[in-house]
Amino acid sequence: MKCIIIINAFRMPKESVLQAQRLKDELVRLNVDTEIVSNGSMRTLLDCGKLQSELSDVDFIIYLDKDKYLSHALSKMGVKLYNSHNSIRICDDKGETYLELANKGFNLPKTVFGALCYAQDKSIDGETVDRLENTFGYPMIVKESFGSMGKGVYKADNRTELLAVLESVKLRPHIIQEYLGKRQGVDVRIIVIGGKAVASMERFNDKDFRSNVGAGGGVREVVPSSEFIDTAERVAKTIGLDYCGIDLLYGDNDKPYVCEVNSNAFFEGMEKATGKNIAKLYAEFIVNDIKSC
């Protein structure tokens, strides 16, 4: 069996490199010939109206990047991807994630999809701010649609801060949401593999409203309620994810609210918090899934 693990060529934090190497080690133990390749290798070409790729002669690809053009090309060529192109695309765009989950029985934060501005010299008008204040009150959250590790997420505590944030993101896709502050700086991440929750941890940050480890947060193992587990598994099934990290917030009466869905969630922190070998579980799932096809 032959596999390629694709990572990003230009942004390779240590967590990303470790993720790829850990998966490779576990796959090799399962007798899978595995190579780690960056998306910058330019091995896919559209020529004479037909797609060609040096990456297509494999049994499967673990796609640890968000380059939607490459994943789309490989998918059109019939390459089996973990996760699928469409699932990665939906998760990469926070606005698309919420739209995909809408009207399906999930607890979702009240959300407004920011209007995209195309002119730097245009300013946010007062009516827009008035509407947001009437919808949410303060504080409220502004998220850039593309971003990870807590970057591009802002909290506005008053009109001045909101105007400044909206001005800074107006040229980029973004959403505005209610602030769920029942447990400030705390959320639950649940890793789901093959539709089943396999590990859970609480992320916490006493100094920031963002719980992300990249923003200085810590982690601890947690045993979430059955409602949290059910929500995470249903989210994964709805978006069609083979592997993911579902981030859930505590709402009123500790109801789980979907915060974000990560198609390539780092598992180093989860392994340390829980002692579970997430890389092994994911590798075994993939190999068994390929054999069953």
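A residue counts as buried here when its relative accessible area is under 20%. By that yardstick, helix 3 of this predicted model is mostly tucked away: the helix covers residues 85-92, and six of its eight residues are buried. The ones hidden from view are His85, Ser87, Ile88, Ile90, Cys91 and Asp92. Quite a few elements do the covering, among them strand 5, strand 6, helix 2 (68-76) and helix 4 (94-101). Further along the chain, helix 7 (226-239) and strand 15 (256-262) also help to cover these residues.

Two of those covering strands, 5 and 6, turn up again in an open sheet of four strands, which has the order 2-1-5-6 and parallel pairing. Strand 2 (33-38) and strand 6 (81-82) sit at the edges, each pairing on one side only. Inside the sheet, strand 1 (residues 2-7) runs parallel to strand 5 (residues 60-63), and four bridges join the two. Across that pairing, Ile4 stands opposite Ile61.

Strands 1 and 5 also feed the largest nonpolar core, each supplying at least two residues. In general, nonpolar side chains tend to be buried together in soluble globular proteins. This core has 28 residues, and those with the most contacts inside it are Ile5, Leu27, Phe60, Ile62 and Ile278. Other elements that put in at least two residues each are helix 1 (14-29), strand 11 (186-193), strand 12 (196-204), helix 8 (268-274) and helix 9 (278-292). Helix 9 gives the largest share, with seven residues.

Leu27 shows how such contacts look from a single residue. Leaving aside residues up to four places away in sequence, Leu27 touches Cys3, Ile5, Val32, Thr34, Phe60, Ile62, Ala283 and Val287. There is also a second, separate core, this one of 21 residues, including Val188, Val192, Ile246 and Val258.

Stepping back to the whole chain, the secondary structure adds up to nine helices and 15 strands. The radius of gyration is 20 Å, close to the 19 Å that the globule rule gives for 293 residues, so the chain is as compact as a globular protein of that length. Its C-alpha trace spans about 60 × 50 × 35 Å along the principal axes. Of the 293 residues, 46% count as buried. Counting contacts between residues at least 6 apart in sequence, 66% join residues at least 24 apart. As for the surface, the chain exposes about 14,300 Å², with carbon and sulfur atoms supplying 48% of it.

Conventions:
Residues are numbered from 1 along each chain as its sequence is written. This is a predicted model: local features need pLDDT of at least 70, side-chain atom pairs count only at pLDDT 80 or more; totals for chains, interfaces and linings use all residues. Side-chain values use heavy atoms; hydrogens and water are left out. Two strands pair if DSSP finds at least two bridges between them. Buried means under 20% relative accessible area, exposed over 50%, partly exposed in between (1.4 Å probe, protein chains only). Contact means heavy atoms within 4.5 Å. A nonpolar core is a set of buried Ala, Val, Leu, Ile, Met, Phe, Trp, Tyr and Cys residues joined through side-chain atoms within 4.5 Å. The radius of gyration is taken over C-alpha atoms; the globule rule is 2.2 Å times the number of residues to the power 0.38. Accessible areas come from the Shrake-Rupley method with a 1.4 Å probe; for residues, only the protein chains shown count as cover.
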